[in-house]
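Student: I would like to learn how to read a few features of a fold, taking them one at a time. Could we go through an example together?

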Amino acid sequence: YIAELRRVTTIFININGIKAQLENGSLKVVQQIMLKGQEHLTKFGGTMRQFIVDDKGCVMIGAFGLPHYSHEDNDSRAIQASQELMAALNELRIDVQIGIAAGSVYCGYVGTTKRCEYAMMGCSVNLAARLMGSAPMNSMQVDQEVYLGSENLFSFEKLKPVNAKGYEQPVQVYRPGQQVLVKRGMSFRQGQTHTGTEKVIGFEREVETLKAAIENLKAGRLTKPVILRGAAGAGKSHVLQSTDLSEILEACKAEVLIGFAKNVHESTPFYVWRRVLFQFFGLEDEEEDGQTDSALHQPEALAARGQKVDRWIRSNTNLTVQELAPLLNDVAPLGLEENEVTRAMDLHERAENLVRLIVELLKVKAGLKPLVFVLENAQWMDPASWQLCHAVLGAGLGGGAEAGAAGAGAPEYLRFLVIVALRPLDEYFEEVPPEFVALERRAQVLELGPLSAADCMELALVTVGTDTLRDHPEMLPPSSADLLAEKTAGNPLFVKNLVLAFRDAFIAGKHKRLDEMPSGVFKDLIIARFDTLGSTEQLVLKTASVLGVAKFGTPLLRAMLSKKDTGGDTEKEVQEALATLSKGNGFLTKEGDVETPADEWLYHFAQASVQETVYNLMLVDQRQELHQLCAAWYEQGGGAAARNVISFHWLRSHNMVKKVQYLQQDAEESECAFRNEDTVQFYNQLLNLALSTEQQSAVLSCVKVKEAEGGPNAAALPQTPINTDTRPTETSVGTA
């Protein structure tokens, strides 16, 4: 089940100006282009799908969203990678045209067992090529889908619609500009009033714990580090943006230093501390996310930065710290000039002294005012950043007056608090970093669970806004609370995305009920998490998705997977996969206690949106095969199931005989029960399922018999023409 249907962001890049090199057989420049493409696409978590050199020129194709290259922000990553790649190629005096489009794409192998290749096929792939062809030189064009997926992160220029081959109407396109710095995390910044932006909903206990830690900091008492842990969208930033926290930080006049880890910099040493150092020296405005590394390393900017940092260090530290100061360039581009002491150090000595230097600087700053460190998205911190965090905590968990009784040698107490916000690390590491294990042992750990139905409703009302609710009071009735909790599993990010999408759809008249909303508003986030799973877990989850949101047991899954060649012990693999998927990671929920045999445990999807998203990753024939395996297992006595459950699965299989059989039974039952609308629906499906002359005749005979019998609902039978198309209809493969 490698082939999938995914939402992929596709990049087409036309390379100009190398015709002469291609004609004379010089491939050096082509190799340079290839390496630059791989470098920048990989940096942002994408991949190079193809690099074509032929008589028409040179085209590079990149993709974000393929298996193991999918993220919740594929569109913005594609734009960032394209902008940096364009700048890099322009430096080589190579002109480019770029087109980017996003949409549902077939991702999988095409060909035979003797010769095949991994391919992407879909309308959006073709559109990206058309946008590339119509883009002016050294510029890029993106479609409406990419624009909507990244409009809050970039400035955009709306361009004149273009005529694209294969599209009846002109396609609206946009040109992305500079990245807009989005202030994330805690809502206060150095030199600004600590004004909060959000009322905390559902996490009052966690906020009170953080307030108590800040009160300890203010009073000069020992502070333990705080770990804020939760799945993507679970509310970590929601808690850190609390108005209550901002007010108490303002009262104790604390300085807040915030570092953001990014998965595109998982291998960049000390990356999360780069922003911390910029803020530390009052350089925050110069470290905006919109600046590229090349802009940060411009000689003029480096010189100005170095002078400012050097003045601060000379005014506040001793000679030893001043001699070691150039080591800070290893963390951030501060422009400090190397001296004899630092030039003489080998790599190991530089790393050791760098940690000592930063700890000493923190001691100096902490002596001036209370410090709060916030390290966000720590699941993406590189090893060097974890080691530095460990060293900082070792310095900061001293004892002062309270530790004096411990005897001489107790470390000096430092007035700072460390808050680490992260997702569950077992989703990102096979072996959790030892520095985090040490941190967890001595920290207060706040686990963010799902919101209650009442809290989901309150958050939804706040998100939609009083003005909208005043104009449309019927949009979110009180009865929506349970549905919100069910569709989002109490995830605050999902709640916000869902109600905002519903608000727009409601006002536009597209959807009038919340239960009509699809899961697509947070599908990318679910797929990004799905890609962190192993191949066995993915296969088990796909298989389970055809069962819908109902509860299921291991015997059924084992029976379905035993028909597939998994290459191992099916029973053991299924049990281990289910254990992984039900560990509170938002995929499955397990029902059963320690005394319940594993075969008797029941599972169900933690939320309907996960089931829908995983189900729709599969191709139609994959779904049909699994539905048939499930229906056959039930029908052969594998487990107790109502007839309508068996019918549900046969109708979504590719077994046309069974489809006709069960539709006939469904039609007869509904007719006898005088359910006219259901009867019409079942007979319509019977007519449309006829795939051959023989089957079509059999279905027509069945319908004519019913008419001849003059049944109570004979007049209600459909008068629609028969669909003679021999391809399966969408009705036969609808979402479970």
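**Reading a buried helix, a sheet and a core**

Tutor: Let us begin with helix H24 (residues 554–562) in this predicted model. Because 7 of its 9 residues are buried, H24 is largely enclosed by the rest of the structure.

Student: Which residues of H24 are buried?

Tutor: Under the cut-off of under 20% relative accessible area, the buried residues in H24 are Thr554, Leu556, Leu557, Arg558, Ala559, Met560 and Leu561.

Student: And what covers the buried residues of H24?

Tutor: The cover includes three helices, H23 (535–545), H25 (570–581) and H27 (620–635), together with the strands S14 and S16.

Student: How do S14 and S16 fit into a sheet, and in what order do the strands lie?

Tutor: In general, the strands of a sheet pair through backbone hydrogen bonds, either parallel or antiparallel. Here 3 strands form an open sheet in the order S14-S16-S15, with antiparallel pairing. The edge strands are S14 (552–553) and S15 (588–591), each of which pairs on one side only. Between S15 and S16 (residues 602–605) there are 4 bridges in the antiparallel sense, and Thr589 has His604 in S16 as its bridge partner.

Student: Turning to the nonpolar cores, which residues touch the most other members of the largest one?

Tutor: They are Val372 and Leu541, in a core of 91 residues. There is also a second, separate core of 52 residues, which includes Leu336, Leu354, Val359 and Val420.

Student: What is Val372 in contact with, leaving aside its neighbours within four places in sequence?

Tutor: Val372 is then in contact with Leu217, Leu249, Ala254, Glu255, Val256, Leu257, Leu417 and Ile419.

Terms used:
Residues numbered from 1 in each chain as written. Predicted model: local features only at pLDDT ≥ 70, side-chain atom pairs only at ≥ 80, totals over all residues. Heavy atoms only, no water. Pairing = 2+ DSSP bridges. Helix = DSSP H or I, 4+ residues; strand = E, 2+ residues; numbered from the N terminus. Buried < 20%, exposed > 50% of the residue type's maximum accessible area, 1.4 Å probe, protein only. Contact = heavy atoms within 4.5 Å. Core = buried A, V, L, I, M, F, W, Y, C linked by side-chain atoms within 4.5 Å.
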